[in-house]
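Here is a friendly walk through some of the labels you may meet when looking at a model like this one. Each turn takes a label and asks what stands behind it.

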Amino acid sequence: MNLKKTIEKLAAFEPTGGKFITIYLDTSANDNGQENFMPWLKNQFYEYGIQFESNEEKQRTYKEIQERVYNFLETEADKAANGIAVFAEAGGDFFESVQLDEPFPNNRF
């Protein structure tokens, strides 16, 4: 992972009017060896998505980015990472992640 490149991409990003989602996750295992972030993340997506219920187009693009984040976490993310940050544009092509050995102190959406 090249953190400098990711920061440069974020700094160069030109907004297109779509929602930009930033997620910080503590993906480390708890005392029982289980990860706790996915139920929290699903709840955050649900609560945040309520605002799009009356707009079919925004709801569609939001669901697309939600699925992209889930797919990334399930199939591409390094299972050994203890902290993962995701930066994504709903309705756009921008999608970057940072995977760290250290966990984030709190999950943030």
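Q: Which residues do ring pairs link into a cluster?
A: The cluster is made of Phe45, Tyr48, Phe52, Tyr62, Tyr70 and Phe109, linked by ring pairs. Please keep in mind that this is a predicted model. The count of aromatic pairs comes to 13.

Q: What makes Tyr24 and Phe104 an edge-to-face pair?
A: Their ring centres lie 5.1 Å apart, with 70° between the planes. Centres within 6.5 Å make a pair and planes over 60 degrees apart count as edge-to-face, so the name fits. The two rings come from distant parts of the chain: Tyr24 is in strand 1 and Phe104 in the segment after strand 3 (95-100), 80 residues apart.

Q: Why is Tyr24 called partly exposed?
A: Tyr24 has a relative accessible area of 28%. Partly exposed covers the range between the 20% limit for buried and the 50% limit for exposed, so the label follows.

Q: How do you know whether Phe104 is buried or exposed?
A: The relative accessible area of Phe104 is 17%. Buried means under 20%, so Phe104 is buried.

Q: Why is the pair of Tyr48 and Tyr62 called tilted?
A: The ring centres are 5.7 Å apart and the planes meet at 40°. Stacked needs under 30 degrees and edge-to-face over 60, so this pair is tilted. Tyr48 lies in helix 2 and Tyr62 in helix 3, so the pair ties together parts that are 14 residues apart in sequence.

Q: Are Tyr48 and Tyr62 buried or partly exposed, and what are the values behind the labels?
A: Tyr48 has 26% relative accessibility and counts as partly exposed, whereas Tyr62, at 3%, counts as buried. The cut-off for buried is under 20%, so Tyr62 passes and Tyr48 does not.

Q: Why does Gln44 count as buried?
A: Gln44, which lies in helix 2, has 19% relative accessibility. That is under the 20% limit, so Gln44 is buried. Leaving aside neighbours within four places in sequence, Gln44 is in contact with Tyr62 and Phe109.

Q: What makes Thr22 partly exposed?
A: Thr22 sits in strand 1 and has a relative accessible area of 24%. Since buried needs under 20% and exposed over 50%, Thr22 falls in between. Not counting residues up to four places away in sequence, Thr22 touches Val86, Phe87, Arg108 and Phe109.

Q: Which residues of the largest nonpolar core touch the most other members?
A: They are Ile23, Leu41, Phe45, Val69, Leu73 and Val86, out of 21 residues in this core. Strand 1 (20-26), helix 2 (37-49), helix 3 and strand 2 (83-89) each supply at least two of its residues. Helix 3 provides the largest share, 6 residues. A second, separate core has 5 residues, including Ala85, Phe87, Phe94 and Phe104.

Q: How do the residues lining the largest pocket divide into nonpolar, polar and charged?
A: The lining has 3 nonpolar, 5 polar and 3 charged residues. Among the residues lining this pocket are Lys19, Lys58 and Glu89; Lys and Glu are on the charged list, so these count as charged. Gly17, Gly18 and Gly91 also belong to the lining, and Gly counts as polar. The pocket has a volume of about 170 Å³, and helix 3 (residues 56-76) gives the most to the lining, with 3 residues.

How values were computed
Residues are numbered from 1 along each chain as its sequence is written. This is a predicted model: local features need pLDDT of at least 70, side-chain atom pairs count only at pLDDT 80 or more; totals for chains, interfaces and linings use all residues. Side-chain values use heavy atoms; hydrogens and water are left out. On a 1 Å grid over the protein atoms alone, a cavity is a set of points where a 1.4 Å probe fits but cannot get out, and a pocket is an open set with protein on both sides within 12 Å along at least five of seven lines; lining residues have an atom within 4 Å of a point. Grid points are joined across faces, edges and corners, and a volume is the space filled by probe spheres set on the points. Helices (H or I, at least four residues) and strands (E, at least two) are DSSP runs, numbered from the N terminus. A nonpolar core is a set of buried Ala, Val, Leu, Ile, Met, Phe, Trp, Tyr and Cys residues joined through side-chain atoms within 4.5 Å. Buried means under 20% relative accessible area, exposed over 50%, partly exposed in between (1.4 Å probe, protein chains only). Rings of Phe, Tyr and Trp (its six-membered ring) pair if their centres lie within 6.5 Å; planes under 30 degrees apart count as stacked, over 60 as edge-to-face and the rest as tilted. Contact means heavy atoms within 4.5 Å.
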